Amino acid sequence: MNLALRLAQRAQGRTSPNPLVGAVLVKDGRIVGQGYHRRAGLPHAEVEALRHAGRRSRGSTLYVTLEPCNHVGRTPPCCDAILAAGVRRVVAATRDPNPRTHGRGLARLRRAGLRVQAGVLAREAQQINEPFFTSMRTRRPFVIAKAGQSLDGKIATSRGASRWITSAASRRQSHRLRAQVDAILVGITTVLRDDPRLTARGTNTRAGRPVKVIVDSRLRLPASARCLSAHSPAPTLIATTTHSAARRVQLTRRGVEVLVFRPYRGRVPLRPLCRELVRRGLHSVLIEGGGEVLASAFAERIVDRIAWFVAPMLIGGRTAPGSVGGEGIARLASAVRLRDLSVRRVGPDLCIEASVVYPKH
């Protein structure tokens, strides 16, 4: 199963909206076939492994990181291929959380007389597919909040200068993060201040990914923004609260899709936006700021994980913006906590990654 998990991760960032899946066939104590799901629309991991094994599949044991599917999607059901190949035993790391499959694939294999076992390295299998499990269980994307800040928590100077606080090594790592997600989300202040392209550069990306999502309550995005250029071919979505037909026409002509939401405290509500993103098959989102968007994301409890890049630099200043804005909390009991913390060096900077834990009340 460890090998199957390693195989699955080879397709990181390329299978969405499908999960990462690896499969290994074992017969008489030897590996006779292996494979992984390479990209949405291509054969699933089980089929890849069965093709690799050929006739040696008969009487073998299949180790697979996710329950085999039993429904028709872009490809035929994997259960059909497993039964046709004469596999004797199936060991799945975890059940598929997709309601179309959940338990049905394993149940069908049992009814057909196969020995079936589930729950081997289940935690590890769910960890590599956090976006898929989160979207299936909550109907919103798996959200990573990312920030690049000075040691004292500033993301710009009092006059708005922010290039560059973190190092080139941290920026390269940020691009690798972008390549692994379905969408990048930023606020309009970040676009107006930094004019980012919102692309994943210096790394392989899937066509049309990452989708660019800009939260812009008053439709202030200029038509000259670099994220709308031909060098940024992924789709651009703007989430707004305004019904200005003239501005929408201008942006639509630039290939932008405008999504209008009912305002919440004068802002775009992020939870309904996230539900819309999942509906479009976007199962993972990287929020890159600014501070007000990050504050809203934490307030609406949609952030699952953080990736914080901290530069060995002190900026200071009462008016210099911090990485998380908003009104702040009144009591420490209301603070967002972090668990499973990891800290590593990225060039001269520190990268802190952790899972988010929200207070009960």
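Five residues, Val336, Leu338, Leu341, Val343 and Leu350, make up a nonpolar patch on the surface. Their combined accessible area is about 410 Å². The structure is a predicted model, and the points below cover the patch and then the chain that carries it.

**The nonpolar patch**

- Strand E13, which covers residues 337-346, supplies the largest share of the patch, with three residues.
- Val336 belongs to the patch, and its place is in the loop between strand E12 (305-311) and E13.
- Is Val336 buried, partly exposed or exposed? Val336 counts as partly exposed because its relative accessibility is 35%, and the partly exposed class lies between the limits of 20% and 50%.

**Fold and overall shape**

- The protein chain contains 11 helices and 14 strands.
- The radius of gyration of the protein chain is 23 Å, close to the 21 Å that the globule rule gives for 361 residues, so the chain is as compact as a globular protein of that length.
- Along the principal axes, the C-alpha atoms of the protein chain fill a box of roughly 70 × 45 × 40 Å.

**Burial, contacts and surface**

- Of the 361 residues in the protein chain, 52% count as buried.
- Taking contacts between residues at least 6 apart in sequence, 71% join residues at least 24 apart.
- The protein chain has an accessible surface of about 17800 Å². Carbon and sulfur atoms account for 48% of this surface.

Key
Residues numbered from 1 in each chain as written. Predicted model: local features only at pLDDT ≥ 70, side-chain atom pairs only at ≥ 80, totals over all residues. Heavy atoms only, no water. Patch = residues over 30% accessible without salt bridge, like charges linked within 9 Å, V, L, I, M, F, W, Y side chains within 5 Å. Areas by Shrake-Rupley, 256 points an atom, 1.4 Å probe, with all protein chains shown as cover. Salt bridge = Lys/Arg side-chain N within 4 Å of Asp/Glu carboxyl O. Helix = DSSP H or I, 4+ residues; strand = E, 2+ residues; numbered from the N terminus. Buried < 20%, exposed > 50% of the residue type's maximum accessible area, 1.4 Å probe, protein only. Rg over C-alpha atoms; globule rule 2.2 N^0.38 Å. Contact = heavy atoms within 4.5 Å.
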